[in-house]
Structures are given as C-alpha cells and as structure tokens.
Amino acid sequence: MGSGNWEVSGPPCGRPPRLPRGVHGQFRSAVCLSGLRWFRRFQEVTWTHLQSIASNYNVFYNIDVRFRSLAEESQAVAQAVNRSQASVQGELAQLKAWVRKLQCRSRKVDTRLRALDLTLGERSQQRARERKAHKAQRDALQDSLARLEGLVHSQGARLAALEGRLPVAHPGTAALGPALVPTPTQPEELGPTSLKLQRDRQELRAASEHGGPPQDSSAPLQGRREPPASGSHRVLSGTAPKDPRQQAWSPQVPGEICGVGPTLVFPNASTKNVVFLGPGFVTALRALSFCSWVRTASSRLGTLLSYATEDNDNKLMLHGRDSLLPGSIHFVIGDPAFRELPLQLLLDGQWHHICVIWTSTQGRYWLHVDRRLVATGSRFREGYEIPPGGSLVLGQEQDSVGGGFDSSEAFVGSMSGLAIWDRALVPGEVANLAIRKEFPTGAILMLANAALAGGFVQRANCTCLERCP
C-alpha cells in the first residue's frame, strides 16, 4: 500500500468446469485480467479517498490550534475583565464614601447657610431701621435748611445795605487795623458719628450761606456780589505758613494778582500735555470745592479737571471741547449726569478766579467767577458720593484711567493757585480767597501735589500772575 502496488493473494484461477482445455485457459486469463483491473481501480479510489482524509485531517488540526489559541485569549480577556471589575468596584466604593462625606458636608453647609440667612435677615432689618432713622434725620435737616434759607435771605439784604454804607478805601491807603488771627485750638478726638455731624453742619452752613433758588437757574446771575460770611478759615500774612501745604500770600498790590503760588502753563492742545494730581481722592466725597486762577487765550475752554475710575471714566469733570458753545463747560459728576456752566467771561485772555462748588445735600451747586455768583442750581446728584481710588488729571479728558486723551478736549492756557476741598466753601471764603486775603483750611489737593507726565507743560514760579508767560 505504501508503494502504490497491491499484491493479489488468493486461490489461483482454476479451470471452469465442463470447458474444453483451450477454452479453459483463455477464460482463466480473462477473468484474472478483469479482477486485476477492478482491483487497481479500487486501489486508486481508495488512495484518492485516503488523500482527501489526510488533507481534511490537516485542516481540522489547524482549526483545533486556532480554537486553543482563541480559548487562551478569551481566558486572558476574562481575567482582564475580572481585574477591571475589581478596580471599578473599588473606585465605586471610594465614590460612595466621598458621596456620603459630601452629603454630610452639604447638610452642615445648609445648616450654616440657614443660620447666615437668619443673621442677614436680622441685619437687613436693622439696616432698614437705621436707614429709616437716617431719612428722618435728613428730612429734619432739610426742614431746618428750608427755615434757615429765609433767615439767610433777610440777613443778606441787611448785609448788602450795610455794605452800601461802608466807605470805599482808595488804593494805597492804610488798613484800618491789623487782621485778627484766631487763636489755634487743639482739636478734640472725634468719633465717626461726630465727624459725620460736623460735616453735615458744614454742608448745611455752606448751603444756607450760598442760598439761591431751589431749582436750576438756566440763566447766569450777573452783577451779584456775595456778602462776606464767616467760615472755617485762617488769616494769612506775608510770611510762609507753618503748614507746608498752605501757600505763602504776599500783600495785595493794586491791579496785580500776586502770591498765589506756582503756575502751570499748557502752551498747546497736544495730548502729551497732562498733569496728574496725586494721590487723588483717598476717601469718598459728599461735597467738593474746586478753585483756581485760570487764563486762556483760546476761543474755547478745554477740560480743566478729569477724574476717572475703573467703572466710570467720567466720575468728575470740568469738561470742555471745540464742539461746545464758546465759553461753555460741562460740570459732570457720575456720567451721564452733568450741568452746563457759562464761563464766557474767561475768553478775554485775562486772569480770572473761578470756584465750582457742589454738595450732595439737595444736590446744590454754585459757580463763582471773580467773587460773583454767576450760576447756581439744585437736585444735581443729590445724595451721591464721589468714590475714591481714581486717577485725577489736569488739562485733559480721560477716556480710560490715566489715558485715552483727545486734543479737541485739551486745555490751552494757564492755571495757578489751584486747590480742592472736600467740603462746600461759603461765599465769604470764596471772596477772601479771590482777593488773596484768607486761604480756607482743609484743602485736600493743591498744585504742590501736581506731577508733570511729559509734553510741553511748564511749571512757573511767578511773583505776580501778570508777569507769567
């Protein structure tokens, strides 16, 4: 079978019965030949069948190997899945523990929030009661102010009549007597409530001494001269004061403006001409007085003062630009609220003394030019506070904190004797300041605080303003 040749074994082919002898030999050879052919055919069929069986066996063997490999892989996958399940179960256990902790903490936080809400509710009720009490005090103060206004008007008429009877001193005549200097006293230690009451009294006194109609006066007041009034001030002599922030005042010379301190000259409308007043406002302001000597040779007024904070670049401004009417300036407090002030008198190229005064009490404001009240009004930012921490600039309008300047809004001219107070000056203080007789106390900013930021701005120390460039 291995060589492919089959050996036939069995009984030999015999002679069939009853056949002749010759025929018998032929028959035997034919039968033997036929059997051999049949056997060889069977051998070939069997060999083909065995070959197919062998090939099928090889295929089945490969399939078995594949099955074993797949079984091993599935076993490895199962082990990995088991490990992942164990890891996930561990992480889930940790998450459950964290969830329990968070629930416990959230319950504690809820308890604290409820307690805080209760406390805030009590505080809000207390603050509401305090606001109600403050409103009652404010109403009472306003009633007192209304009663004082009538007294002020009558006293003003009497003072005007007395002024008409006083003799007019000619230039060069000696003074009737020496100036009286009040003896300085040591101030007491005041608490916050006392300071607030003192500031309210100063605002009431300023409002009562200014007087004026309760509504805005659209037309300027011409030719009105304010009677002198007593206020918080000190008499200045020709010597330098002990306080370095105060200016040294020279004796008045007829026809000249002398001894008002340094002068800032803004020669052109360049956006580089900027002066910073530091450190700005360190506390919130409920009242403001801005006074300065101003001279301009331009046909318009630029921006004298600009105060910008992060939330509003126009918190406080004396704003002018070339698109406004000649001599017109916008007095802005907390943009967009503003009042238009008439300053046409400043366009003659001469030195003029201006004071812009505002108080949050009834929103009153006053504009003085050369001691005369030329505009006044009320209900302008009533109860408002100018916040601290901003940038205070002279000569430019800020569109951002410390920048964003526009040449069309720049000031061209000179400033001297500039000072800012956190209270409302009374008419007597304004008049004495304009004639260089007395400098009101309490100035929070002066030109001594000015810092030149560059450009062509010049600082000049002139004995008299008429001699300044």
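Here are three short exercises on a predicted model, each with a worked solution.

**Exercise 1.** Work out how the rings of Phe266 and Phe411 are arranged, and which parts of the chain the pair ties together.

*Solution.* Start with the wider picture: searching the whole structure turns up 6 aromatic pairs. Phe266 and Phe411 make one of them, with 5.6 Å centre to centre and 75° between the planes. Edge-to-face needs an angle over 60 degrees, so this pair is edge-to-face. Now place the residues: Phe266 sits in strand 2 (residues 263-266), while Phe411 is in the loop between strand 12 (391-394) and strand 13 (413-421). The pair therefore ties together parts 145 residues apart in sequence. Last, check the burial: Phe266 has a relative accessible area of 1% and is buried, and Phe411 also counts as buried at 1%.

**Exercise 2.** Do the same for Tyr365 and Phe380, then find the aromatic cluster they belong to.

*Solution.* The ring centres of Tyr365 and Phe380 are 5.8 Å apart and the planes are at 80°, so call this pair edge-to-face. Tyr365 belongs to strand 10 (residues 364-369) and Phe380 to the loop between strand 11 (372-377) and strand 12, so the pair links parts 15 residues apart in sequence. Both Tyr365 and Phe380 are buried. Add Phe331, and you have the one aromatic cluster that these residues form.

**Exercise 3.** Find out how many residues of helix 3 are buried, and what phi Arg436 takes.

*Solution.* Helix 3 spans residues 427-434, and 8 of its 8 residues are buried. Among them are Pro427, Glu429 and Asn432. Step just past helix 3 and you meet Arg436, with a positive phi of about 60°.

Conventions:
Residues are numbered from 1 along each chain as its sequence is written. This is a predicted model: local features need pLDDT of at least 70, side-chain atom pairs count only at pLDDT 80 or more; totals for chains, interfaces and linings use all residues. Side-chain values use heavy atoms; hydrogens and water are left out. Buried means under 20% relative accessible area, exposed over 50%, partly exposed in between (1.4 Å probe, protein chains only). Helices (H or I, at least four residues) and strands (E, at least two) are DSSP runs, numbered from the N terminus. Rings of Phe, Tyr and Trp (its six-membered ring) pair if their centres lie within 6.5 Å; planes under 30 degrees apart count as stacked, over 60 as edge-to-face and the rest as tilted.
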